[in-house]
Amino acid sequence: MRIGIDIGGTKLAAIALDADGRERARLRQPVPTSFDDVIDAVADVVDRLEAGGARAPGVGISLPGIITRDHEISMIVNLPWLEGTPLRQVLEARLGRPVALANDANCFALSEATDGAGRGAEVVFGVILGTGVGGALVVRGEIVVGANATAGEWGHNPWPTPGAGGVPCTCGRFAQGCVETWLNGAALARDYAALGGGEATAEDIAARAEAGDAQAADAIARYAERLAQALAAVINMLDPDAIVLGGGLSKIGALYRLVPAAWGKHASVARPVTRLVRARFGPESGLRGAARLSPKPISAAGGSS
């Protein structure tokens, strides 16, 4: 049995998978708001998932932030009570088994590369398109974390077209905006309003486009062109077999037709064979990916080797 836990900004979710990836149990509760309470909550959900069943050899945990390849927290988003703490070591001592920590986007990509929409692909790039924009890289079934624990952080690169304008990113690094500021839900909403469609959420715009709204269809076409341009850079650098889209904007069906039709204009090859696919497990991918993590054995000194 495998156990995965997703600690997000508002909830703590846990899942137990069998050896074939079938879900055996699931739990969900509000996220604790102190370090000690997080430790207690994780121990409690592990006990409940294992009640009357098999013992998981290790536990994987998905977190929002930068997690090093040694499973240490470098930076964490919206969970300040975990910043700078020895979370992994304390959990290993409490649970009596190895614990692996990983960034939530990395867990998403790992899940989709293992038994999701990217299954069978050697190189999978996972993309989150929502309020924020993120990315993650999995090669031959293994997360690529990188020397700085930022591999796949595609959303906070500067927008590739010089002088394109745009809005400043919340990261504060690029005045003309990051990829995120051009491809998040707010960017689609701004475009729709500029075309005369008025205020609407990305979900509403997608629905209106399907219902024949010309401004909505135009806004989505413009968004798809921008996404194609940004993903062409990923194709040029990483040459993935599959790019898997997750997040709220991944539900826009037209993207899977429009983006591959356009990205050849920006890539180094005219007709990339990279597949663009929608995540099989959607918002569950991060949780399932946490269960797919492979914790390192605990050394005799008490920490992971």
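Visitor: Which strand supplies the largest share of the lining of the largest cavity?

Guide: The general idea is that rolling a probe the size of a water molecule over the atoms shows where empty space is left. In this structure, which is a predicted model, strand β5 (residues 65-67) gives the largest share of that lining, namely three residues. The full lining consists of G65, I66, I67, N103, N106, G135, V145, A149, T150, A151 and E153. By class, these residues divide into five nonpolar, five polar and one charged.

Visitor: How many cavities of 30 Å³ or more does a search of the whole structure find, and how much space lies in the largest cavity?

Guide: The search of the whole structure finds one cavity of 30 Å³ or more, and about 60 Å³ of space lies in the largest cavity.

Visitor: Since β5 has come up, which strand do bridges join to β5, and in which direction do the two run?

Guide: Three bridges connect β5 to strand β6 (residues 73-76), and the two strands run antiparallel. To follow the register by eye, begin at G65, whose bridge partner in β6 is I76. The two strands form a hairpin with five residues between them, and H71 in the turn has a positive phi of about 65°.

Visitor: Where else does H71 appear?

Guide: H71 also belongs to the lining of the second largest pocket, where H71, E142, I143, L293 and S294 are the residues that lie nearest the centre, out of 20 lining residues. This pocket has a volume of about 360 Å³.

Visitor: Which elements each supply at least two residues of the lining of the second largest pocket, and what classes of residue does that lining have?

Guide: The elements that each supply at least two residues are β7 (99-103), α3 (104-115) and β10 (142-143), and the largest share, four residues, comes from β7. As for chemical character, the lining has eight nonpolar, seven polar and five charged residues.

Visitor: I would like to place β7 in its sheet; in what order do the strands of the open sheet come?

Guide: A general point helps when looking at any sheet: in a regular strand the side chains alternate between the two faces of the sheet. Here five strands form an open sheet in the order β3-β2-β1-β4-β7, with mixed pairing. The edge strands are β3 and β7, each of which pairs on one side only. From one strand to the next, the twist averages 15°.

Visitor: How many bridges join β1 to β2 within that order?

Guide: Strand β1 (residues 2-7) and strand β2 (residues 11-17) are joined by six bridges and run antiparallel. One place to check this on the model is I5, whose bridge partner in β2 is A14.

Visitor: Turning to charged side chains, how should I read a salt bridge, and how many are there?

Guide: The general idea is to look for a side-chain nitrogen of Lys or Arg within 4 Å of a carboxyl oxygen of Asp or Glu. By this rule the count comes to 17 salt bridges. An instructive case is E284 with R26, whose side chains meet in a salt bridge at 2.4 Å, N to O. E284 lies in the loop between β12 (275-278) and α9 (285-292), whereas R26 is in strand β3 (residues 23-30), so the pair ties together parts that are 258 residues apart in sequence.

Visitor: How accessible are E284 and R26?

Guide: E284 counts as partly exposed, at 27% relative accessibility, and R26 likewise counts as partly exposed, at 39%.

Visitor: Are R226 and D191 buried or exposed?

Guide: Both R226 and D191 are buried, and they form a salt bridge whose closest N and O atoms are 2.9 Å apart. This pair links distant parts of the chain, with R226 in helix α7 (residues 214-238) and D191 in helix α5 (residues 185-194), 35 residues apart.

Visitor: Which residues do salt bridges that share partners join into one network?

Guide: Salt bridges with shared partners join D18, D20, R22 and R24 into one network. Within this group, the side chains of R22 and D20 meet in a salt bridge at 3.2 Å, N to O. R22 is partly exposed, with a relative accessible area of 44%, while D20 is exposed, with a relative accessible area of 54%.

Technical notes
Residues numbered from 1 in each chain as written. Predicted model: local features only at pLDDT ≥ 70, side-chain atom pairs only at ≥ 80, totals over all residues. Heavy atoms only, no water. Buried < 20%, exposed > 50% of the residue type's maximum accessible area, 1.4 Å probe, protein only. 1 Å grid on protein atoms, 1.4 Å probe; cavity = no way out; pocket = protein on both sides within 12 Å on 5 of 7 lines; lining within 4 Å. Points joined across faces, edges and corners; volume = space filled by probe spheres on them. Nonpolar A, V, L, I, M, F, W, Y, C, P; charged D, E, K, R; others polar. Pairing = 2+ DSSP bridges. Axes fitted to C-alpha atoms, helices over the stretch in contact; angles between N-to-C directions.
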